[in-house]
Amino acid sequence: NIGEDLNVVKELWTGEKAKKAGIVYLEEGVRTFTLRNGARFTVYATPYQPEFCNFAFPYRREEDRFNEHAQNPIPDSPKIDILLTHGPPAGILDRTSRGDDVGCEHLLRAVRRCRPRLHCFGHIHEGWGAQRNNWIQGDSARLPVDQQQMLKDRCAYVNISQGGKDGPLEGSSKPLVFGEETLFVNAAIMDVNYEPVNAPWLVDLDLPLTEQVKG
């Protein structure tokens with residue numbers, strides 16, 4: 001039974017067929033990717049999340065997986081462009097239908113150090129949405145979503161690049177300042193009833209170029 005053999009499941013994403021298809025399986029740690037247009041970005045990814053309803057990849061809430069003494073700590077700013085985690089940091093798109101904020105305090109502390117351009121996560125289905133934080137000013141704003149535009153685009157689209165003046169969401173038209181701001185996206189596709197009704201997110205953002213392209 002393939003559903004009971006973790007090695008078989010992992011092989012689907014790490015085997016030769018997956019590699020030929022261009023699939024990169026991200027385990028906990030840092031990876032850098034270069035795109036065909038010469039843009040380069042560095043990702044820190046982790047599947048782990050604080051224990052919650054006996055879900056997968058749990059750690060004790062008092063455990064700090066992401067800071068100074070962790071096995072794979074999240075690097076300081078400006079080393080990470082995109083942070084990809086299982087669940088949200090504390091207080092950011094992490095409220096359940098019962099009104100509980102269940103994000104990770106240690107992850108929040110790490111994100112404050114890291115200040116990535118984008119932090120994408122899921123796990124808390126009812127927290128779906130996007131929020132823009134300014135670390136310098138200490139403020140944040142939830143990005144409103146136009147339901148009709150989202151249906152037309154077949155996604156929730158945010159443009160925080162230098163050419164972002166036409167971004168359809170309020171708060172997405174001003175280019176993001178790397179090192180000063182982070183866009184948080186809870187991209188959970190499922191709603192609280194496990195129905196796949198939440199729209200995917202499409203984010204335009206500026207990325208650094210390789211030295212060859214700069215030259």
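**Exercise 1. Decide whether Arg113 is buried, partly exposed or exposed, and find the residue with which it forms a salt bridge.**

Solution. Arg113 has a relative accessible area of 23% and is therefore partly exposed; this value, like every other one here, is computed from a predicted model. The cut-offs that this step needs are under 20% for buried and over 50% for exposed, with partly exposed in between. The next step is the partner: Arg113 forms a salt bridge with Asp76, and the closest N and O atoms of the two are 2.3 Å apart. The pair links distant parts of the chain, since Arg113 lies in helix H3 and Asp76 in the loop between E4 and E5, 37 residues apart. Asp76, with 42% relative accessibility, also counts as partly exposed.

**Exercise 2. Work out which parts of the chain are tied together by the salt bridge between Arg109 and Asp64.**

Solution. Begin with the contact itself, in which the closest N and O atoms of Arg109 and Asp64 are 2.6 Å apart. Arg109 lies in helix H3 (residues 105–114), whereas Asp64 belongs to the loop between strand E4 (58–59) and E5, so the pair ties together parts that are 45 residues apart in sequence. As for accessibility, Arg109 is partly exposed at 35%, and Asp64 is partly exposed at 24%. A further step concerns salt bridges that share partners, which join Glu28, Glu63 and Arg65 into one network. The count of salt bridges comes to 11.

**Exercise 3. Explain how Glu16 and Lys19 are placed relative to each other in helix H2.**

Solution. Glu16 and Lys19 are 3 residues apart in helix H2, which means that about one helical turn separates them. Their side chains meet in a salt bridge, with an N to O distance of 3.9 Å, which falls within the 4 Å cut-off used for such a pair. Both residues are exposed, and for Glu16 the relative accessibility is 51%. A last step looks further along the chain: the C-alpha atoms of Glu16 and Ala130, which are 114 residues apart along the chain, are separated by 36 Å.

**Exercise 4. Locate Tyr25 and identify the surface patch and the pocket to which it contributes.**

Solution. Tyr25 is found in the loop between helix H2 (16–20) and strand E1 (29–34), and with a relative accessible area of 34% it is partly exposed. Together with Val9, Leu12, Trp13 and Ile23, Tyr25 makes a nonpolar surface patch of about 430 Å². The pocket in question is the largest one, with a volume of about 590 Å³. Of the 18 residues that line this pocket, the closest to its centre are Tyr25, Leu26, Thr46, Pro47 and Phe57. The elements that give two or more residues to the lining are helix H1 (6–14), strand E2 (40–46) and strand E5 (82–85), and H1 gives the most, with 4 residues. By class, the lining of the largest pocket divides into 12 nonpolar, 3 polar and 3 charged residues.

**Exercise 5. Describe the lining of the second largest pocket and of the largest cavity.**

Solution. The second largest pocket has a volume of about 300 Å³. Of the 14 residues that line it, Phe52, Cys53, Thr96, Glu126 and Val192 are the closest to its centre, and the lining comprises 7 nonpolar, 4 polar and 3 charged residues. For enclosed space, the structure holds 3 cavities of 30 Å³ or more, and the largest cavity has a volume of about 50 Å³. Among the residues that line the largest cavity are Phe52, Arg61 and His123; by class, its lining has 5 nonpolar, 3 polar and 1 charged residues.

**Exercise 6. Compare the backbone and the surroundings of His123 and Tyr194, then examine the peptide bond from Ser77 to Pro78.**

Solution. His123 has a positive phi of about 75° although it is not a glycine, and Tyr194, likewise a residue other than glycine, has a positive phi near 60°. His123 is found in the loop between strand E6 (118–121) and strand E7 (129–134), whereas Tyr194 is placed in the loop between strand E10 (181–186) and strand E11 (201–204). With 16% relative accessibility, His123 counts as buried; Tyr194, at 47%, is partly exposed. The final step turns to the peptide bond from Ser77 to Pro78, which is cis, with omega near 5°; Pro78 is found in the loop between E4 and E5.

Terms used:
Residues numbered from 1 in each chain as written. Predicted model: local features only at pLDDT ≥ 70, side-chain atom pairs only at ≥ 80, totals over all residues. Heavy atoms only, no water. Patch = residues over 30% accessible without salt bridge, like charges linked within 9 Å, V, L, I, M, F, W, Y side chains within 5 Å. Areas by Shrake-Rupley, 256 points an atom, 1.4 Å probe, with all protein chains shown as cover. Buried < 20%, exposed > 50% of the residue type's maximum accessible area, 1.4 Å probe, protein only. 1 Å grid on protein atoms, 1.4 Å probe; cavity = no way out; pocket = protein on both sides within 12 Å on 5 of 7 lines; lining within 4 Å. Points joined across faces, edges and corners; volume = space filled by probe spheres on them. Nonpolar A, V, L, I, M, F, W, Y, C, P; charged D, E, K, R; others polar.
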